[in-house]
Structure formats: C-alpha cells, structure tokens
Amino acid sequence: MSFFKPSKHMATNPEFNLELIKKYDKAGPRYTSYPTAVVFNEAFTSEKYIEQAKLSNVSNQDKPISLYFHIPFCDTLCFFCACNKIATKKRDKADKYLDYLEKEMIILSKLYDKSRVVEQMHFGGGTPTFLTDAQFERMMALINQYFPLIHTEKRDYSIEIDPRSVTKESIEKIARYGFNRFSLGVQDVNPVVQKAVNRIQPTEMTSEIIAACQSVNARSISVDLIYGLPFQTLESFAKTVDAVIEMSPDRLSVFNYAHMPHLFSPQKRIKPEDLPKPEEKLAILQMSIEKLSQAGYVYIGMDHFAKPDDELAIAQSNGSLQRNFQGYTTHAELDLVAIGVSSISSVNHSFSQNVKSLEQYYAILDNGQLPVYRGYLLNEDDLLRKAIIQEIACQFALDFKSIETKFDINFNDYFSKELEDLSVMQVDGLLEMNESSFFVTPAGRILVRHICMVFDVYLRKQTSQRFSKVI
Ligand code: SF4
C-alpha cells in the first residue's frame, strides 16, 4: 500500500528535456524488484525457500497468492530478445515440460495453505501460446488440481500472447479458462525492421488479434513496442505508434532496445551499423511520448503508458499502484509463487530463482527437490529501500514522514548521503523537494529510474554495467 497521499502531480505527462536526458544517460535497473537480481546468490537454497513459504502462511495467513508460470519455448528467435527462451519447432517438447511443471506444482502446492486462493496468475515466457490447445488444456487442468483458482471478478489472470501463434478461436478458448488480461508483443510494424529482427508479423494480424481480445471483454490489453531496433527512423516508428494507437490497446510499453550481444547471443545477428544513432533514438522517444499523450494515454512511469480509465492509471491516482517482476501491477503485495525454468518467486521477505537450463530443471525435480538455485533474503534496510523505490517509481513522489512512521527511522539522519544526491537532482530540475517530501517534476519523470537509483545501496557498490541504459 502506498504511504504517499495522491496528488495532482500524478496526472501530468512527462516533459522531454534533451539536456537532462543526455546528462543522465547511463545504465540502470528497471526495479521490477529491489534488490535487483544481481545480488541474488547461491547461499539461498531450496531449504531457505521452504522456510520462507512456511513463514508466509503465518504472516500472510489466508491471504491470496499470485502464480507465475514460465513457458520457455518459442517457435522462432527474435534477434533482439533478452528473455530466457528455447527456440524450437517441436511442440512435443512442451509435453515433457508439462510433466515437470506438474512435479514442481506437487511440491509447491504442499507448502501453501489451501485457504490461500490464486487471485493473480500470469503465464510468461518464451511464448505461452507455443502450447497446443491440448497442452494448454492439460496445463490448466494441472493448475486446477494443485492450486485453488478462483472464478470471481477478483480474478486477475494474464497471459503473454504472440499474435503469430494464435487465432480468434484460440483467444476465445484462453478467455474461457479465465484469462482476462492479454499482453501482446508487437515491437514494430515496419516490414524492413521486422525482417532485420526475424519477427515477421503483419499489422493486420496484430490488429485482428487485438480485436479478438477486445471481443472477449478483456480487462486490459497491453502492447509492447521497442525503439532503437535496426533500420528504425523517426518517420517509420511514427507509423508504428500511429498504427498501434489505432488498435486502441489499454496499455502500452515502449522499451529501449539495449544492444548487449556479449550477454544475449541472438543479438549478435543484429549489425550495430544498422541501429539508429542516439540522436535519432531520442527523437523517436520524444515523438512516441508526444503522440501517446495526445492520444490520451497517461504516462505510468518506466516505459509504461495506460488509458486514464485503465486500472493501472486509476491505481496510480489513488496511490495503490505497485511494481513487481511483471512491471506495474495492483497485486504486488501478494506472495508470488513462480513455477518453471528460470522463474523468480517473491515469497515473504525473499526472492528465489529456479535453475536456468531445462536439463538441470528436469534433473533436480527427478530427485524430488525444488529447482531453486539462487535467491536473496531481504534485511530491514532492504525492506525500507524497497518501499521507498516502490513509492518513487509508482507515485513519482516520496513523503519522508510516512517512511519514518512505518520504519521507525529519522529520514534525514538515515539518508543524509541520498539527500545530498537528491539536492543535485533538484538543482537539475528532476524533482522539487522540501524538508518533508519531494515530487518528481514532469521533466524528471522519464528519468525516474535515476531517482530510484539514489536509494539503491547495492548500485553504489557496483562497478560493472549489467543494466540497460535508461534511454
Ligand atoms: S521476443 Fe518473445 S517470441 Fe521473440 S524470442 Fe523472445 S520470448 Fe520468444
């Protein structure tokens, strides 16, 4: 829950200030968790996860849970992709994977009290719609067998859709299983860009699938775009933004492509000389923000936009917006139980991640163990900083008094170093601060990650750049 009293600052869209953006153009996390995954370590074992799960039944007694399922398979490989995935055409690979998801579910379902219903569920990947109809049906039957799914209005079940792998009929089937939020990868509608990134997806196909999601009364439809891909220009990406606005999704993410081939090998297929220059990328970003604002979308923060009547925009204006591994959400307070290779759970005061290779995942489950390979147990300081970073990322503001009350600290003493850094940002025009609070200015909004970074104690200690650039 938010500590900050909502204010009129939240309804303001960002202002594009080129000088400020250039000054702060350096790598930083998106804070889908704090601490970020770089501090996870192997001292956190599956035994520790089990302890945290048991503790969560006490501290979050009868409280619903959130389930995440990772489906790692993709039919083809998009060259820009930085996700954990396996490219294959062989659909039967998913049969074996489902066998092992069941093994993991059997262990996990014994850890969580049956009174804890599944209020939120997300299928991510990879490509969840890689599954055939029969595999999807089996997967839903398994989840139903091991976890108490709900069928009321409170249900918040979302799925990532690859428009190339579904039809109107399959969307209707997925909706009948209870999914009410759909998230679609689009990236760019220009055929030249699509060819260069190995993702051919005609605009008509995308708009038909969005229309299919709209026809099943989805609670939200979200579209991902990426700027900074090969051969993109200001004019070409303007057409992409216009085309997507025309399709009228409820939410939009406009991500910056981070070219890091040393970390993500598919990116080696992208030639650096084909990428737009930094000045062009900035112009693309500015144009995207302006077009989306003119079309009535509200800037939620960290690359995300939503229609003013969407639940995310409403949650931001009433102070209940939160952030978790899926980005902005209204359910981050729930224990997140992640299932599948490489997936990350957030349970009680811990994060834990499953092994990243299928071979290891299968071998560990064959031994009857949970496939956790690393994680992190949050301490008091982490919890305090996590709450602050949530507040800034979601509300564009921070009220020092409410933090002092909640965590029993003296804000000025505890954060003297951070306050010095914030003062510099105030002079630069990123925020306005007085002795008891600050809020992020319209010019600071697209740099909100940087303001969060001030409170990241681990980032201060870190030397290597493992994050994408902010812009
Ligand atoms: S972007 Fe999506 S569909 Fe493409 S390779 Fe990555 S996970 Fe698979």
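Is Gln187 buried or exposed? I put this to the model, which is a predicted one, and found that Gln187 is buried, with a relative accessible area of 9%; the cut-off for that word is under 20%.

**Entry: backbone at Gln187 and Asn198**

I looked up Gln187 for its backbone, since phi there is positive, about 75°, although the residue is not a glycine. I placed Gln187 in strand S6, which covers residues 181–187. I noted beside this that most residues other than glycine have a negative phi.

I then turned to Asn198, another residue that is not a glycine and yet has a positive phi, in this case about 60°. I found Asn198 in the loop between helix H6 (191–196) and helix H7 (203–215). Its relative accessibility is 30%, so I entered Asn198 as partly exposed, the class that lies between 20% and 50%.

**Entry: cis peptide bonds**

I checked omega next, keeping in mind that most peptide bonds are trans. The bond from Tyr34 to Pro35 is cis, with omega near -5°, and I located Pro35 in the loop that runs between helix H1 (18–23) and helix H2 (46–59). I also recorded a cis bond from Gly125 to Gly126, where omega is near 20°; Gly126 sits in the loop between strand S4 (118–125) and helix H4 (133–146).

**Entry: overall form**

I counted 17 helices and 19 strands in the protein. Along the principal axes, the C-alpha atoms fill a box of roughly 60 × 55 × 40 Å. I compared the radius of gyration with the globule rule: for 471 residues a compact globule would come near 23 Å, and the protein has 22 Å, which agrees.

I took burial over the whole protein as well, and 58% of the 471 residues count as buried. For the accessible surface I have about 19700 Å², with 52% of it belonging to carbon and sulfur atoms. Among the contacts between residues at least 6 apart in sequence, I noted that 75% join residues at least 24 apart.

**Entry: second largest pocket**

Which element gives the largest share of the lining of the second largest pocket? I first took the volume of this pocket, about 900 Å³. Of the 36 residues that line the pocket, I listed Gln322, Ala332, Glu333, Lys386 and Gln390 as the closest to its centre. The elements that give two or more residues to the lining are strand S11 (322–324), strand S13 (335–339), helix H12 (380–395) and helix H13 (400–407). The largest share comes from H12, with 10 residues. By class, I recorded the lining of the second largest pocket as 16 nonpolar, 12 polar and eight charged residues.

**Entry: second largest cavity**

I searched the whole structure for cavities of 30 Å³ or more and found three. The second largest cavity has a volume of about 40 Å³. Helix H3 (93–111) and strand S15 (350–354) are the elements that give two or more residues to the lining of this cavity, and S15 gives the most, with three residues. I read off the lining residues of the second largest cavity, among them Tyr49, Glu104, Leu108, Ser352, Gln353 and Asn354. I closed the entry with their classes, which for the second largest cavity are five nonpolar, five polar and one charged.

Conventions: Residues are numbered from 1 along each chain as its sequence is written. This is a predicted model: local features need pLDDT of at least 70, side-chain atom pairs count only at pLDDT 80 or more; totals for chains, interfaces and linings use all residues. Side-chain values use heavy atoms; hydrogens and water are left out. On a 1 Å grid over the protein atoms alone, a cavity is a set of points where a 1.4 Å probe fits but cannot get out, and a pocket is an open set with protein on both sides within 12 Å along at least five of seven lines; lining residues have an atom within 4 Å of a point. Grid points are joined across faces, edges and corners, and a volume is the space filled by probe spheres set on the points. Helices (H or I, at least four residues) and strands (E, at least two) are DSSP runs, numbered from the N terminus. Ala, Val, Leu, Ile, Met, Phe, Trp, Tyr, Cys and Pro count as nonpolar, Asp, Glu, Lys and Arg as charged, and the others, Gly among them, as polar. The radius of gyration is taken over C-alpha atoms; the globule rule is 2.2 Å times the number of residues to the power 0.38. Buried means under 20% relative accessible area, exposed over 50%, partly exposed in between (1.4 Å probe, protein chains only). Contact means heavy atoms within 4.5 Å. Accessible areas come from the Shrake-Rupley method with a 1.4 Å probe; for residues, only the protein chains shown count as cover.
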